[in-house]
Structures are given as structure tokens and as C-alpha cells.
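Trainee: I'd like to zoom in on one part of this fold rather than tour the whole thing. Could you walk me through it slowly?

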Amino acid sequence: MEKVHTAGEKIYRRLKYCIAIAGLLVSIFVTNIAYADTYGAGAYGSGIYSSSETPDTSEPDEEEDTPSIISGSAPTRVVSTQIQVQPQYTFTRNLELGNTGPDVIVLQNILIAKGLLAPGYATGYFGPLTRQALVNYQKINNISPAIGYFGPLTRASLQTTVVIVSLPTPVPAPINTSIFTRNLDVGDTGADVLALQKFLNAKGFTLALSGPGSPGNETTRFGGATQAALVKFQKAYGITPAIGYFGPITREKVKSLI
């Protein structure tokens, strides 16, 4: 005999079906939120990023923590001489944190001219400040993902940019080398710590992008940010062990660069 479903059974089956559909929709929504949280707001809604603006991890990247030693990485002052970034300049490669070269200088000069990077930071080293300035440019121009990676989309956006920028003239950091008379480690405080932070920021080994430790906001306390910046400095100059301890070898190297 064929089974006859009662009204209660029909309602129960429909309710069970609706619960299953709702569970599936919740699962899809949570997945999209997690994806957007991982990869940025640009991922949510479109589902994917433009592959042309995403770093290609199949090729080895340049070491991020070892900037090349470039003259002019010291603090700079802006003088009245003007230079022009010509429209025919062609960016021939993607750029990211840790890269160095004349194309990095051109990019930095453009960002300076647009008010996104502070004058005097056209050092030729692609550091955290340059990356943040590029992130802001990408957000303003709706380039996704806005992660500070100078890929094909951003390159095309800036390719024909013509800007007039002030020519930075490198000047020595106003640091008295005689102030470095002791070893320094995490937890130490003093004027020599302040001088060390100013030196590291001036050389491109930035402690912080903003707030305490950032350029112009150096402090007298040797904390984790100072240690991390000092580790990068030691790696760049082949000082071992590169553990962020300001000992005799590091002190002499710093003095030789001031």
C-alpha cells in the first residue's frame, strides 16, 4: 500500500529542506567573509583579484631585509632645483618591498609629487614607507588589490605620469658619533637610543610607519621595533650575529656611516 503523508509530515519535510538550504547559504557567506578578511576588501564581491596585479610567487623574490647600500639614503633636505620625470620613462619590472634601483627612485619621486610620500624619501630603496604610499595611491585610483605591490595595473596607471619634483640633496644625519659609548639592548633608555633610532630611520631601516619610533617621532627607549630595525641593518652590512644587539662591531659600523 502506498504511504500517505499527513499534513504534519509534509510541514516537517519542508522545514527540514529550508533548514538545509539556509545552512548552505550561511556556509557560502562565511567563506566569502573569510576570503575577504584574508585578501582584502577587494576580494569580497568580485570573488577574485586581477592576476595581473598579484605578485608572482613562482619566481624568487629579492631578499626583503637586505637593502642595497645606496648613496643618498641619508636624510635629505629639499632645495629649489627642479627635475622632471619624463613621460617616456618606462617601468620594465614589477616592484615590491626590498627592491632597489633607479626605477624605485622614479616611483618614489612620483609618490612624493602626489603628496603620498614625504619629501626626501626618494632613496632608491623600496621600504615600508614606499609601500604604504603606494597602497594609498592604489586605494585612491581603485586599483585592486591595494597591497603596495607595483604590478602591471599600477605601472600602467603611472606609466605616462609627468611630474615636477624637488631634487633632494643628501645631507649627513645630525648625529654626534661620540654619543655612542656603550652597548645597547632591549630595555635600555637614553639619548644614545634616540640617536640610534634616528640613524636607522634615516638609512631606510624604518622602525615604524607612524607613531612612536617613526621618522620624526623617535624615542629614547630601546624596544622591539628598534631591535628589529637593527637586525635588518646588521644583515645588510654582514654583521654577525644579526640579533639586534648594539655591540662594539655595530657601533663602529654606525660611526663609519655618519
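Trainee: Let's take the helix pair α2 and α3: how are α2 and α3 oriented to each other?

Mentor: Before anything else, keep in mind that this is a predicted model. Now the pair. Helix α2 covers residues 102-113 and helix α3 covers residues 128-140. Their axes come within 10 Å and cross at roughly 55°. An angle over 115 but not over 145, or from 35 up to but not including 65, counts as oblique, and α2 and α3 are therefore oblique to each other. As for handedness, α2 and α3 make a left-handed crossing.

Which residues do the touching? On the α2 side you have Leu107, Gln108 and Leu111, and on the α3 side they meet Thr130, Ala133, Leu134 and Tyr137. Sorted by class, that contact between α2 and α3 holds 5 nonpolar and 2 polar residues, with no charged ones. The spacing along the chain is worth a thought here: an α-helix has 3.6 residues a turn, so residues three or four places apart point the same way. Look at the α2 side again with that in mind, where Leu107 and Leu111 both take part.

Stay with α3 for a moment. It has 13 residues, and from its first C-alpha to its last it reaches 18 Å, close to the 18 Å expected at 1.5 Å a residue. Its buried residues are Pro128, Leu129, Thr130, Ala133, Leu134, Val135, Tyr137 and Gln138. That list includes Thr130, Ala133, Leu134 and Tyr137, which are the α3 residues that meet α2. But α2 isn't the whole story, since the buried residues of α3 pack against α4 (152-158) as well.

Follow the chain out of α3 and the backbone does something to check in your viewer. Just after α3 comes Asn142, with a positive phi of about 55°. Most residues other than glycine have a negative phi, and most peptide bonds are trans. Asn142 goes against the first of those habits, being a non-glycine with a positive phi. It sits in the loop between α3 and α4 and is exposed, with a relative accessible area of 71%. Pro145 lies in that loop between α3 and α4 too, and the bond joining Ser144 and Pro145 is a cis peptide bond, with omega about 0°.

For something to hold this against, go further down the chain to α5 and α6. Helix α5 (191-202) is part of what covers the buried residues of α6, and α7 (248-257) is another part. The α5 and α6 axes are 10 Å apart and pack at an angle of about 50°, and α5 and α6 are therefore oblique to each other. Here, too, the crossing is left-handed. In this contact, Leu196, Gln197, Phe199 and Leu200 of α5 meet Thr226, Ala229, Leu230 and Phe233 of α6. By class, the α5 and α6 contact divides into 6 nonpolar, 2 polar and no charged residues.

Helix α6 takes in residues 224-236, which makes 13 residues that should span 18 Å at 1.5 Å a residue; its end C-alpha atoms are 19 Å apart, which agrees. Thr226, Ala229, Leu230, Val231, Phe233, Gln234 and Ala236 are its buried residues. After α6 you run into Gly238, whose phi is positive, near 70°. Then, in the loop between α6 and α7, there's Pro241; the peptide bond leading into it from Thr240 is cis, with omega near -5°.

One last residue to click on is Lys203, found in the loop between α5 and α6. Is it buried or exposed? Lys203 is buried, with a relative accessible area of 18%. From C-alpha to C-alpha, Lys203 and Phe233 are 8.7 Å apart in space, although 30 residues separate them in sequence.

To put the two pairs back in context, the protein has 7 helices and 2 strands, and from the N terminus on its elements run α-β-α-α-α-β-α-α-α. Of its 258 residues, 36% count as buried. Among contacts between residues at least 6 apart in sequence, 58% join residues at least 24 apart.

Terms used
Residues are numbered from 1 along each chain as its sequence is written. This is a predicted model: local features need pLDDT of at least 70, side-chain atom pairs count only at pLDDT 80 or more; totals for chains, interfaces and linings use all residues. Side-chain values use heavy atoms; hydrogens and water are left out. Axes are lines fitted to C-alpha atoms, for helices over the stretch in contact, and angles run from 0 to 180 degrees between N-to-C directions. Helices (H or I, at least four residues) and strands (E, at least two) are DSSP runs, numbered from the N terminus. A crossing is left-handed if the near helix is turned anticlockwise from the far one by less than a right angle, and right-handed if clockwise. Contact means heavy atoms within 4.5 Å. Ala, Val, Leu, Ile, Met, Phe, Trp, Tyr, Cys and Pro count as nonpolar, Asp, Glu, Lys and Arg as charged, and the others, Gly among them, as polar. The expected span of a helix is 1.5 Å times one less than its number of residues. Buried means under 20% relative accessible area, exposed over 50%, partly exposed in between (1.4 Å probe, protein chains only).
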